[in-house]
Amino acid sequence: MKRILCYGDSNTWGFIPGTGARYPADVRWPGVLAALLGRGVHVVENGINGRTTAIDDPGYPCRNGKEGLGYALLAEKPFDLVILMLGTNDLKLTDAAGAARGAGELIALLQGANERFPGRTPVFPGKPEILLVSPILIGVNAEPEGQFFTRAESLRFAAGYEAVARAAGVHFLDAARYAEPSPEEGTHLLPEGHAALAQAVAEKVRGIFGNTLTAL
């Protein structure tokens, strides 16, 4: 069985636009992904509202993604693939280039995870497979949360993240090609967005694992 970690923010946690409640597991994109990939895959979701790539947010402790990644890995190891989708919250504190650099720090941590977090059970039994997903765009009606929290800045995510992924030799997907934020509040996915993103990720995962996945 292939084991996949989905490591993200409120759009991985399943934040419902307008209410802040949580979508059911079978609506959230990791849950939809699991259903699409079938019984040969176990998907572990780890999303926290407000999580950044690698930046401390003074108003929200415990939401630095780099600080939390080791805990997520050790709690559920081993993994065959980690899917990273973070960066939207970084724009409260830095620009898209800064978010891309933070994503690069997470990739470096993952690529050295077996050495950084040693144990009898390795984090990655084989080659660490990593899928970096650049976030969906910010809507024009999103609540202002700093000078960089704008749709214009979020349009820079894809190019920066793709460059980071290419330099690190990991897989890349642009979530904004498949899903838009809720028109109500401009930040979070609606159920159809979760479904569309899961479908795109599933196709990417099938490509990563190839026959080793389809044979299960």
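A charge sits over a ring if NZ of Lys or CZ of Arg is within 6 Å of the ring centre and within 35 degrees of the ring normal. With that in mind, and remembering that what we have here is a predicted model, let me begin with Arg3, which lies over the face of Phe79 at 5.6 Å from the ring centre. There is also Arg51, which is placed over the face of Tyr7, in this case 3.9 Å from the centre of the ring.

Let me turn now to the interior. The largest nonpolar core comprises 34 residues, and those with the most contacts inside it are Leu5, Leu73, Leu84, Leu110, Leu132 and Tyr161. At least two residues of this core come from each of strand E1 (2-8), helix H3 (65-76), strand E3 (81-85), helix H4 (96-111), strand E4 (129-134) and helix H7 (157-168), and H4 gives the most, namely eight residues. If we leave aside residues up to four places away in sequence, Leu110 touches Leu69, Leu73, Val82, Leu84, Phe124, Pro128 and Ile130. Apart from this core lies another, of 27 residues, which includes Ile4, Val43, Leu81 and Leu197.

Finally, the aromatic rings. A search of the whole structure returns one aromatic pair, and that pair is formed by Phe157 and Tyr161 in an edge-to-face arrangement, with 5.6 Å from centre to centre and 80° between the planes. Both residues belong to helix H7, where they are four residues apart, about one turn of the helix, and both Phe157 and Tyr161 are buried. As I said, Tyr161 is also among the residues with the most contacts inside the largest nonpolar core.

Definitions and conventions:
Residues numbered from 1 in each chain as written. Predicted model: local features only at pLDDT ≥ 70, side-chain atom pairs only at ≥ 80, totals over all residues. Heavy atoms only, no water. Core = buried A, V, L, I, M, F, W, Y, C linked by side-chain atoms within 4.5 Å. Buried < 20%, exposed > 50% of the residue type's maximum accessible area, 1.4 Å probe, protein only. Contact = heavy atoms within 4.5 Å. Phe/Tyr/Trp six-rings, centres within 6.5 Å; stacked < 30°, edge-to-face > 60°.
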